Amino acid sequence: MKKLFFLAILVYFSPALFSQPSDAAIKKDLTNETTIDIKFTKSTGTRQWNASLGNWEYVRGVHIRRRTAEYPGLVVKVVGDAVYQSMGGSTYSYKKFRIISNDWEGVPRPTEAEIKKFIATDWKKFYGFSYNKIINIISGPSLNKEKEFTWSKPTNALFYMTIQADILGDNLAVETIEQDYEIRFFRDDIKGPWTSFLGGSVKDKKVLSTRTATAQEYKKLEKQTLVFTVAEEAGRKELESVPNITIPDFASAKEMADFFHEILLNGDPGLLKLAMLKTSSRFLLAEGVKHS
């Protein structure tokens with residue numbers, strides 16, 4: 001009896017005993033007036049159980065090249081699955097085409113150099129939450145060429161950038177990691193420049209090594225994260241780009257107050273900001289010397 005039972009199960013699940021849609025039938029179901037050609041990703045499809053519907057499905061992966069009315073002259077390659085629902089017995093009925101990704105023929109991808117230049121305009125947006133955790137960039141960000149560019153349309157590109165870095169983890173952990181960031185570039189016109197991007201979403205994080213820091217060391221490392229170091233670098237560049245101003249050695253708080261009051265009355269906002277930056281940087285330097 002056991003042998004008969006297992007034989008029945010084997011027969012029931014055998015691909016040869018259910019009538020899968022033919023290649024010609026699938027192509028017919030997916031073809032419309034925009035279709036150029038259809039290719040299958042594999043020689044056969046997959047029979048799988050849809051728990052939400054309580055029914056069997058037959059899924060076949062395809063690449064479809066289509067013309068689009070929105071972008072005349074361009075061809076979109078749509079990667080996805082043709083999905084069929086079991087109608088009972090060995091009969092299947094076409095249900096839907098499930099899109100996985102798009103690619104556009106004739107639309108140039110941004111080069112790695114262009115990508116790096118653009119993301120450097122806003123590192124906080126690129127790194128997202130990691131901006132407050134990364135203490136040292138070992139390598140990257142670099143374009144992950146093993147993951148394809150995907151496009152929802154020619155003005156919206158999605159790709160992945162990879163970094164290796166030392167990062168602050170939980171419970172005083174200091175990790176060396178490798179991880180990808182999912183990045184989206186946007187523009188208004190397919191021939192125009194990229195105008196904005198979204199980042200911050202971490203994908204495929206790998207912890208290469210980890211160690212536990214002391215509470216004192218961890219607190220010190222928190223002051224070395226990108227949120228601090230990038231701001232310091234931006235402040236330094238800002239100081240270098242504006243006219244010079246001499247900050248006197250103040251003998252008292254009143255002298256400092258009179259100095260800034262004079263600038264406020266007779267100077268301009270830029271000069272006041274510069275004076276405040278230089279004064280604060282002097283105090284920070286003195287504090288650092290005192291504690292070194």
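In this predicted model, tryptophan 151 and tryptophan 194 are both buried.

**Aromatic pairs**

Across the whole structure, a search finds 18 aromatic pairs. One of them joins tryptophan 49 to tryptophan 56 in an edge-to-face arrangement, with 5.3 Å from centre to centre and 70° between the planes. Tryptophan 49 is partly exposed, since its relative accessibility is 46%, whereas tryptophan 56 counts as buried at 15%. The pair formed by tryptophan 151 and tryptophan 194 is tilted, because the ring centres lie 6.2 Å apart and the planes meet at 35°. Tryptophan 151 belongs to strand β7 (residues 150–153) and tryptophan 194 to the loop between β9 (173–186) and β10 (196–212), so this pair ties together parts that are 43 residues apart in sequence.

Tryptophan 151 and tryptophan 194 also belong to a cluster linked by ring pairs, together with Phe118, Phe149, Phe159, Phe185 and Phe197.

**Charges over rings**

Arginine side chains are placed over aromatic rings at the sites tabulated here.

| Arginine | Ring | Distance to ring centre |
|---|---|---|
| Arginine 60 | Phenylalanine 40 | 4.0 Å |
| Arginine 187 | Tryptophan 194 | 3.9 Å |

For arginine 187, the charged end sits over the ring of tryptophan 194, a residue that is itself buried. Arginine 60, which lies over the face of phenylalanine 40, is also among the residues touched by aspartate 81.

**Aspartate 81**

Aspartate 81 is located in strand β4 (residues 75–86). With a relative accessible area of 16%, aspartate 81 is buried, because the limit for that class is under 20%. Leaving aside residues up to four places away in sequence, aspartate 81 touches Val59, Arg60, Gly61, Lys96, Phe97, Arg98 and Ile100.

**Leucine 168 and glutamate 175**

Leucine 168 is placed in strand β8 (residues 156–168) and is buried, its relative accessible area being 5%. When residues up to four places away in sequence are not counted, the contacts of leucine 168 are Lys133, Ile135, Ala173, Val174, Tyr218, Leu221, Glu222 and Thr225. Between leucine 168 and threonine 210, which are 42 residues apart along the chain, the C-alpha atoms are separated by 9.7 Å.

Threonine 210 is in turn one of the residues touched by glutamate 175. Glutamate 175 lies in strand β9 and counts as buried at 15% relative accessibility. Its side chain makes a polar contact of 3.3 Å with the side chain of lysine 205. Beyond residues up to four places away in sequence, glutamate 175 touches Ala165, Asp166, Ile167, Lys205, Val207, Ser209 and Thr210.

**The second largest pocket**

Leucine 168, glutamate 175 and lysine 205 are among the residues that line the second largest pocket. This pocket has a volume of about 190 Å³. Its lining further includes Phe129, Ser130, Lys133, Ile167, Gly169, Asp170, Gln179, Gly200 and Val202. The elements that contribute two or more residues to this lining are β8, β9 and β10. Which element gives the most to the lining of the second largest pocket? That element is β10, with three residues.

Lining and contacts overlap here: Lys133, a lining residue, is touched by leucine 168, and Ile167, likewise in the lining, is touched by glutamate 175. The polar contact between the side chains of glutamate 175 and lysine 205 thus joins residues that both line the pocket.

Definitions and conventions: Residues numbered from 1 in each chain as written. Predicted model: local features only at pLDDT ≥ 70, side-chain atom pairs only at ≥ 80, totals over all residues. Heavy atoms only, no water. Phe/Tyr/Trp six-rings, centres within 6.5 Å; stacked < 30°, edge-to-face > 60°. Buried < 20%, exposed > 50% of the residue type's maximum accessible area, 1.4 Å probe, protein only. Helix = DSSP H or I, 4+ residues; strand = E, 2+ residues; numbered from the N terminus. Lys NZ or Arg CZ within 6 Å of the ring centre and 35° of its normal. Contact = heavy atoms within 4.5 Å. Polar contact = N/O pair within 3.5 Å; in protein donor to acceptor, adjacent residues only side chain to side chain. 1 Å grid on protein atoms, 1.4 Å probe; cavity = no way out; pocket = protein on both sides within 12 Å on 5 of 7 lines; lining within 4 Å. Points joined across faces, edges and corners; volume = space filled by probe spheres on them.
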